[in-house]
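Open the model in your viewer and keep the selection panel at hand. The tour moves from charge pairs to loops, then to the domains.

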Amino acid sequence: MKRAVGPWTKEAGLLLPTLRSWRVAFHREPELSNAEARTREKVMHALDDLGIAYRTYSDGFHGVLGFLPSDRGGPVVALRADMDALPVTEATHAPFSSRSEGKMHACGHDVHMACLLGAAELLHRHPERLRGPVKLLFQPAEEEGGRGGALPFLEHGAFERPGVDFVLGQHVAPDVPLGRVGWKKGPLMAAPDRFEIRVRGTPGHASTPHQGPDAILVAAEIVTGLQALVSRLRNPVDPAVVSVGTIHGGTRHNVLPEEVVLTGTVRTVNARTRERMEQWIRRRVRSIAASLGARVQIRYFPGYPILVNDAAATDLAVAGLEREFGADRLVAIEQPGMGGEDFARFLERVPGTFLRLGVGTPSMTASLHSPYFLPDESALVYGSAALAAGAVGLQAGPRR
Ligand code: NI
């Protein structure tokens with residue numbers, strides 16, 4: 001039998017109607033990356049209602065930085081939720097489904113925001129449980145994939161005055177059972193880099209392919225040739241993925257096109273492998289193209305950093321979670337996932353950890369980013385308690 005949950009979870013359970021109303025409001029009106037104006041207003045109104053101080057930015061950046069003061073001199077902990085939705089048309093038929101065609105909180109960021117507000121309310125009600133201040137980071141543009149929202153937040157001074165000692169975040173996880181929280185030290189998520197390859201051939205009649213390089217055939221060889229990098233140059237115990245996601249070229253069955261464009265993604269969890277993968281891709285693509293007489297242009301776009309959880313900070317946060325939930329509600333994650341997450345940028349600045357909030361149920365078959373993705377609302381209770389308990393756990397650690 002499972003141990004009874006701790007005080008944060010019990011109190012969060014009583015807050016469920018409020019947690020639900022926040023979540024429903026966010027979910028109904030999703031906004032895409034860097035367009036989170038209405039979402040920001042909702043966060044501001046919620047913090048106003050709770051009597052929690054915050055600041056916003058007048059230069060178009062949609063972040064909201066809440067602040068819970070403490071004069072006890074302990075570590076400053078930053079808690080983070082992402083705010084943006086995805087260009088997905090919702091198919092859940094939930095009563096609070098997205099009212100915007102082609103936009104949906106399909107990655108659970110509505111849940112993340114409601115949980116951060118929930119944790120804020122819990123901590124605000126119990127300042128005696130805090131050893132230091134807590135910053136609340138409502139961060140836009142996580143899904144944007146390039147500059148993202150974490151970097152601009154840091155550039156806006158989110159981690160200064162007072163300086164942040166630890167950072168904590170979480171993401172809903174369908175592969176972790178509802179009511180449990182997953183944790184891992186070291187690499188948790190991949191660097192999501194991106195490439196674009198333009199193959200130039202000679203346009204002409206498909207009956208006379210010998211008159212010039214055929215861009216279609218060269219592109220096809222590149223698609224299969226790239227997989228040898230993963231299967232033969234990369235160390236098999238070091239996770240990596242290369243996927244070609246789009247391939248465009250040609251207009252008619254008997255015409256050879258002048259150009260074929262491939263785009264794809266490269267996922268790595270080791271900095272050295274990340275560097276080498278780009279070199280390998282460039283070398284392999286050039287050699288395939290050269291061997292068939294085609295010209296090729298390769299553009300490579302680095303994405304978010306590898307997300308690496310600090311070992312000592314993870315221990316502190318997990319100790320806090322264990323006191324709250326009991327060890328049997330915690331799940332040690334064995335392998336990193338190959339998704340990307342710009343929380344990694346916060347972890348490059350200060351130690352901290354990123355948790356996986358369980359939303360898995362027998363009836364939950366949809367994955368993140370699916371038009372059917374709809375986590376159970378009881379995750380709001382566990383997620384609020386996890387952030388509150390994790391923050392208190394981290395504050396048992398040293399100031400930097
Ligand atoms: Ni997400």
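How many salt bridges does the rule count? It comes to 22 salt bridges, each being a side-chain nitrogen of Lys or Arg within 4 Å of a carboxyl oxygen of Asp or Glu. Note that this is a predicted model, where local features need pLDDT of at least 70 and side-chain atom pairs count only at pLDDT 80 or more, while totals for chains, interfaces and linings use all residues. Residues are numbered from 1 along each chain as its sequence is written, and side-chain values use heavy atoms, with hydrogens and water left out.

**Stop 1: charge pairs**

Select E29 and K42. Their side chains meet in a salt bridge, 2.7 Å from N to O. E29 sits in the loop between α2 (16-28) and α3 (37-50), and K42 in helix α3, so the pair ties together parts that are 13 residues apart in sequence. Helices (H or I, at least four residues) and strands (E, at least two) are DSSP runs, numbered from the N terminus.

Now colour by accessibility. E29 is partly exposed, at 26% relative accessible area. K42 is buried, at 16%. The cut-offs: buried means under 20% relative accessible area, exposed means over 50%, and partly exposed lies in between (1.4 Å probe, protein chains only).

Next, select R80 and D82. The closest N and O atoms of this salt bridge are 3.6 Å apart. Both D82 and R80 are buried.

Go on to R147 and E155. Their side chains form a salt bridge at 2.8 Å, N to O. R147 is partly exposed, with 44% relative accessibility. Then select E196, R198, R200, E259 and R299: salt bridges that share partners join these residues into one network.

**Stop 2: two loops**

Select G148. Its place is the loop between β4 (134-139) and α5 (150-155). Is G148 buried or exposed? G148 is buried, with a relative accessible area of 6%. Leaving out residues up to four places away in sequence, G148 touches A141, Y304 and D342; contact means heavy atoms within 4.5 Å. Add F343: its C-alpha lies 9.6 Å from that of G148, though the two are 195 residues apart along the chain.

Move to P75, in the loop between β2 (64-68) and β3 (77-82). P75 is buried, at 1% relative accessible area. Beyond residues up to four places away in sequence, P75 touches a set of residues including R131, D165, F166, L394 and R399. For a long-range pair, draw the C-alpha distance from P75 to P362: 40 Å, across 287 residues of sequence.

**Stop 3: the domains**

Colour domain 1 (7-189 + 306-394) and domain 2 (191-301) separately. The bounds come from an automatic or database domain assignment. The C-alpha centres of domain 1 and domain 2 lie 37 Å apart.

Show the interface. Eight residues of domain 1 are in contact with 11 residues of domain 2. About 690 Å² is buried between domain 1 and domain 2, with carbon and sulfur atoms giving 72%; buried area is the accessible area (1.4 Å probe) that two parts lose on being put together, summed over both.

Which three residues supply 74% of the area that domain 1 buries against domain 2? Select I306, M338 and G340: they supply more than any other three residues.

Last, look for charges. The rule finds zero salt bridges across the interface of domain 1 and domain 2.
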